[in-house]
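Please open the model in a viewer and keep the sequence panel visible. The tour below proceeds by selections, each followed by what is to be found there.

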Amino acid sequence: MIYVVGLGPGKKDQMTKRALDTLDKCDVIIGYKAYIDLIKDCYDDKKELVSSPMKGETSRCHMALERALNGDTVAIVSSGDPGVYGMAGIMLEIAQGKTEVEIVPGMTAACTAAAILGAPLMHDFAIISLSDLLTPWELIEKRLTLAGEADFIVCLYNPASHGRPDHLRKAVEILLQSKSPETPAGWVKNAGRDGEEYGVTTLDKIADEPINMFTTVIIGNSTTKIQNGKMLTPRGYKI
């Protein structure tokens with residue numbers, strides 16, 4: 001049996017009871033080193049913890065399958081939700097029905113960041129990753145263009161890294177073709193974790209903020225406003 005478990009931001013008090021109960025009944029927990037580090041204080045002396053470096057997603061899933069076929073109950077962990085840029089898809093692809101796989105959801109970064117910034121996701125929104133490791137940049141540009149033209153609230157994952165420091169600025173340039181420079185925009189770094197930081201600004205200034213790969217960026221739609229320092233997208237209720 002394999003469970004693909006979403007850790008949410010990673011702290012125990014922000015994981016679901018279902019996720020905690022699932023990890024408690026597993027023999028081995030497998031994950032990217034940074035995610036194992038988030039939970040090892042809770043499970044280091046109770047479970048076998050197996051970590052591997054970034055870009056080891058496929059090998060982790062093959063390892064999980066092998067251990068499950070040998071009789072272990074296995075958890076493979078993702079931060080946030082495993083079905084949102086996480087491990088759920090690749091695990092199902094590799095398992096191919098050879099063992100049962102259950103997906104255990106977790107709170108994705110968009111929800112965690114939105115709560116910190118106020119209520120920016122109260123209307124239709126699009127989540128777009130700026131990482132072009134697995135998605136061609138041309139396709140990312142198209143998605144940004146269309147999301148902007150449709151007046152979606154846009155939540156950006158993986159907005160910047162050492163290898164792609166200009167992706168956020170390029171994304172902003174695309175969104176400025178259809179959104180006002182004054183559109184409220186916010187950022188949250190290390191959402192729900194130690195070292196959490198956040199800020200509220202505007203679309204034309206968001207690329208100048210201290211943003212890295214651990215940051216989630218939320219850009220409002222044409223109705224989003226800043227109220228008492230918080231981002232707010234009205235749902236349309238009469239008040």
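How many of the residues of strand 1 are buried? Strand 1 is mostly covered, with five of its five residues buried; buried means under 20% relative accessible area, exposed means over 50%, and partly exposed lies in between (1.4 Å probe, protein chains only). Before going further, note that this is a predicted model, in which local features need pLDDT of at least 70 and side-chain atom pairs count only at pLDDT 80 or more, while totals for chains, interfaces and linings use all residues. Residues are numbered from 1 along each chain as its sequence is written, and side-chain values use heavy atoms, with hydrogens and water left out. Helices (H or I, at least four residues) and strands (E, at least two) are DSSP runs, numbered from the N terminus.

**First selection: strand 1 and its partners**

Select strand 1 (2-6). Ile 2, Val 4 and Gly 6 point one way, Tyr 3 and Val 5 point the other way, and all are buried. Next, add strand 4 (residues 74-78). Strand 1 and strand 4 run parallel and are joined by five bridges; two strands pair if DSSP finds at least two bridges between them. Within this pairing, Val 4 stands opposite Ile 76. Then add strand 5 (101-104), which runs parallel to strand 1 and is joined to it by four bridges. Here Ile 2 stands opposite Val 101.

**Second selection: the whole sheet**

Now extend the selection to the five strands of this open sheet, which follow the order 3-2-4-1-5 with parallel pairing. Strand 3 (48-52) and strand 5 stand at the edges with a single partner strand each, so one side of each has no neighbour in the sheet. On average, neighbouring strands are turned by 20 degrees against each other, direction ignored. Strand 2 (residues 28-32) runs parallel to strand 4, and three bridges join the two. The bridge partner of Ile 30 in strand 4 is Ile 76.

**Third selection: helices on the sheet**

Select helix 2 (residues 33-43), which lies across strand 2, strand 3 and strand 4 and runs at about 145 degrees to strand 2. Axes are lines fitted to C-alpha atoms, for helices over the stretch in contact, and angles run from 0 to 180 degrees between N-to-C directions. Helix 4 also packs on the sheet, touching strand 1, strand 4 and strand 5, and its direction makes about 175 degrees with that of strand 5.

Keep helix 4 (residues 88-95) and add helix 3 (residues 57-69): their axes come within 9 Å and cross at roughly 50 degrees. Helix 3 is therefore oblique to helix 4; angles under 35 degrees count as roughly parallel, over 145 as roughly antiparallel, 65 to 115 as roughly perpendicular and the rest as oblique. Thr 58, Cys 61, His 62, Ala 64 and Leu 65 of helix 3 make the contact with Ile 90, Met 91, Ile 94 and Ala 95 of helix 4, where contact means heavy atoms within 4.5 Å.

**Fourth selection: Asp 72**

Move to Asp 72, in the loop between helix 3 and strand 4. Its relative accessibility is 21%, so Asp 72 counts as partly exposed. Leaving aside neighbours within four places in sequence, Asp 72 is in contact with Met 1, Asp 27, Val 28 and Arg 67. The C-alpha atoms of Asp 72 and Val 28 are separated by 7.3 Å, although the two are 44 residues apart along the chain.

**Fifth selection: two asparagines**

Most residues other than glycine have a negative phi. Select Asn 158, which has a positive phi of about 50 degrees although it is not a glycine. Asn 158 lies in the loop between strand 8 (153-157) and helix 7 (167-175) and is partly exposed, with a relative accessible area of 24%. Asn 228 likewise has a positive phi, near 55 degrees. Asn 228 is found in the loop between strand 12 (225-227) and strand 13 (230-232) and is exposed, with a relative accessible area of 77%.

**Last selection: strand 9**

Finish at strand 9 (residues 184-189), where six of six residues are buried. Pro 184, Gly 186 and Val 188 lie on one side, and Ala 185, Trp 187 and Lys 189 on the other. Six bridges pair strand 9 with strand 10 (residues 197-202) in the antiparallel sense, and Ala 185 stands opposite Thr 201. Strand 11 (residues 215-219) is also antiparallel to strand 9, joined by five bridges; there, Thr 216 is the bridge partner of Val 188.
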